[in-house]
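Student: I am new to this structure and would like a close look at a single part of it. Could you take me through that part slowly, and say how far the model can be trusted there?

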Amino acid sequence: MLSTIALAGVAFADTADFDQAAMGKPPAGWTATQTGSGAAQWTVVQDDTAPSKPNVLKQSGQATYPVCIKDDSNLKDGSSR
C-alpha cells in the first residue's frame, strides 16, 4: 500500500528550470512569499555547482517559513493534484 501511494506521488512530480528567467529577481510565473515573520528573499542566480546548472532559485532571506509557489500549481493538503 505504501509503495502505491509513493508511486502515485511521483506521477505528479514536475521539474522546473530557471535558465530563461531574469537574474536577480523571482522568476516570472511564481509567487515568492512567506508566512510568519521575517523577510524571505527569492532570486534567480547562476550556480555552476548545481546539478541543474546554470541557474537556480535561491532563498537568501530570513523568514519563519519562506515559500515560492509556481502560479499554475494545483495543490491540496500539500500534494499535487
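Student: Is lysine 70 buried, exposed or partly exposed?

Tutor: Lysine 70 is partly exposed, with a relative accessible area of 26%, where buried means under 20%, exposed means over 50% and partly exposed lies in between, using a 1.4 Å probe and protein chains only. This is a predicted model, in which local features need pLDDT of at least 70, side-chain atom pairs count only at pLDDT 80 or more, and totals for chains, interfaces and linings use all residues. Residues are numbered from 1 along each chain as its sequence is written, and side-chain values use heavy atoms, with hydrogens and water left out.

The side chain of lysine 70 meets that of aspartate 72 in a salt bridge, at 3.9 Å from N to O; the term stands for a side-chain nitrogen of Lys or Arg within 4 Å of a carboxyl oxygen of Asp or Glu. A search of the whole structure finds 1 salt bridge. Its partner aspartate 72 counts as exposed, at 59% relative accessibility.

As for trust, pLDDT is the predictor's confidence in each residue, from 0 to 100, and the protein chain has a mean of 83, with 79% of its residues reaching 70 or more. Over residues 1-10, however, pLDDT stays under 50, and the model has 0 contacts there beyond four places in sequence, a contact being heavy atoms within 4.5 Å. Where pLDDT is low, the predicted coordinates should not be read in detail.
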